[in-house]
Amino acid sequence: MRAKRTREPVSVQRKLSTMMLFLVFFSIGLTALINWVFQDKYYLFKTREMFEDSHEKLRAVANEPNSSILQKRSEYDYLIGNIARNQNCSIIINYEDPFGSGFSLTAGAENQQYMNFKLRNYLSGVALPERTIERMYGDAVLQVSRENISYDHYKNLYELWGRLDDDTTFMIMVTIDDIEKTVQTSTQFILILGALFGIISAGIAIYFSDRFARPIRRLNKVTREMAEMNFDVRYEEDSYREINELGYSVNHMSEKMKEFISELKQKNVKLKRTLHKREEMDDMRKEFISNVSHELKTPIALIMGYAEGLKMGINDTSPEERNQYCDVITDEANRMNKMVQNLLMLTELEFGENEMQPERFDIVDFVTNIAESFRIVAQKKDVTIRILHEGDPIMIWSDPWKLETVFRNFISNALNHVDEHKKVEINFKMKPKEQRVRVGVFNSGEPIPREIKDRIWEKFYKADKARTRDYGGNGIGLSIVKAILEIRKLPYGCINRSNGVEFYVELETK
């Protein structure tokens, strides 16, 4: 098959010049055509309007009551003079009163006798020329007539003649041949002027199209340099706003590309770190599975052991021993159930499937009620939970269900790690500038080592595994706290004090 020939693109300069010249010559040609086709028709239309207006003015003079013949002559003379002068026409007026007095007036007429002769013939219907009647205005006739001037020469006339209400006869006449000559002359003049104007326009079009295309060529050069990865070139400002905006966009794109290449190099450097981090994530996943398996293995083993003990020695064991075995099985089952529930909550939080439902409530009263629910646990450990706040309620916006989980973990953690000083305190500190309140849960005891301070928020991390199992912990509580607070983007953390440890969270009061 023969390959298709691609059409070579036309330059902007050439296209602009061609379009400008086409518009110029098209406008000139259209003007000449309209002038040739419609000027004579428009002239006849305006002449007809002039005839009608003049007829109305003549009728107004004829219908004036009680006017003398001198007054009538003066008004007719003034009126037809204005009409003939303003409209470039010939007009004649003949008046005769019942007493035999009268007058004959003309304006713009080269031959008064000839016009009188024509008017009398029209009125008497004698020796009428070839004519076409266009309209009747009562006793007045608007017509186009054709007169034989010589053997082979005719003259076309546009005429309005007739009789007024006071028996005044009149005729207004315009030569149509003059109109046609005027149309021909004006059309020729337009074409000659258009040709001259077209030559001038061609030079102007070439000049301005080149000036317009010049910045585009510069832009093209800049983009070619960018294609060669040279992002230091810049487009210099020109006089065209739109092209300047395009140039600024190209410059901006060049800067962005330069930054992108730089960022790409940096990202290439970080890629190895990302791959290394992914390997760490795989290790964490494996460790997570191992931790879950380990956490479940111990209670399952205990349950199986005590269940087998009950089965094998059902007749030898006392009721107290059987109850003790059942209590162990129940405790371990509850421990597994609690861990599974915490894992489900943590998964929902991490995958965004647990929506927050904020409400406005008093945080002091809220935390006080939660602390009261730990009263029996605290009494067993001979600990008094103190609420350090005196004053007005502190209203906040938050999800009370999620926030209860946070403070239950904080208070439970404080009771599990309190030392012999038995000191657990909950304090409130207002931060007006940030429109927040900082709520801290403090317990006396040993500080958290710096090397594990950040790890305590990780899943299944236990600083002291033996102690954690003693109070039923599974290393998930603080990771749930972290997930809840990071969803709301609330500041939180833990601080080692001189005599203990404080866990805190900052809540919005606005």
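This passage describes two helices, an open sheet and a third helix that lies across that sheet in a predicted model.

Helix H1 covers residues 12-62 and includes Phe 22. Phe 22 counts as exposed, because its relative accessibility is 54% and the exposed class begins over 50%. A distant part of the chain also comes into view here. Gly 198 is 176 residues from Phe 22 along the chain, yet their C-alpha atoms are separated by 9.4 Å.

Helix H2 spans residues 69-87. Its 19 residues should span 27 Å at 1.5 Å a residue, so the 26 Å between its end C-alpha atoms agrees with expectation. Several H2 residues are buried, among them Lys 72, Tyr 76 and Leu 79. The buried set also includes the run Ile 80, Gly 81, Asn 82, Ile 83 and Ala 84. Just after H2, Asn 88 adopts a positive phi of about 55°.

Five strands form an open sheet in the order S8-S10-S11-S13-S12. Their pairing is mixed. Strand S8 (384-388) and strand S12 (492-496) are the edges, each pairing on one side only. From one strand to the next, the twist averages 20°.

At the S8 edge, the partner is strand S10 (residues 423-431). The two strands run parallel and are joined by five bridges. Within this pair, Leu 388 stands opposite Asn 427 of S10.

Helix H7 (residues 363-373) lies across four strands of this sheet: S8, S10, S11 (436-444) and S13 (500-508). H7 runs at about 170° to S10.

Terms used: Residues numbered from 1 in each chain as written. Predicted model: local features only at pLDDT ≥ 70, side-chain atom pairs only at ≥ 80, totals over all residues. Heavy atoms only, no water. Buried < 20%, exposed > 50% of the residue type's maximum accessible area, 1.4 Å probe, protein only. Pairing = 2+ DSSP bridges. Axes fitted to C-alpha atoms, helices over the stretch in contact; angles between N-to-C directions. Contact = heavy atoms within 4.5 Å. Expected span 1.5 Å × (residues − 1).
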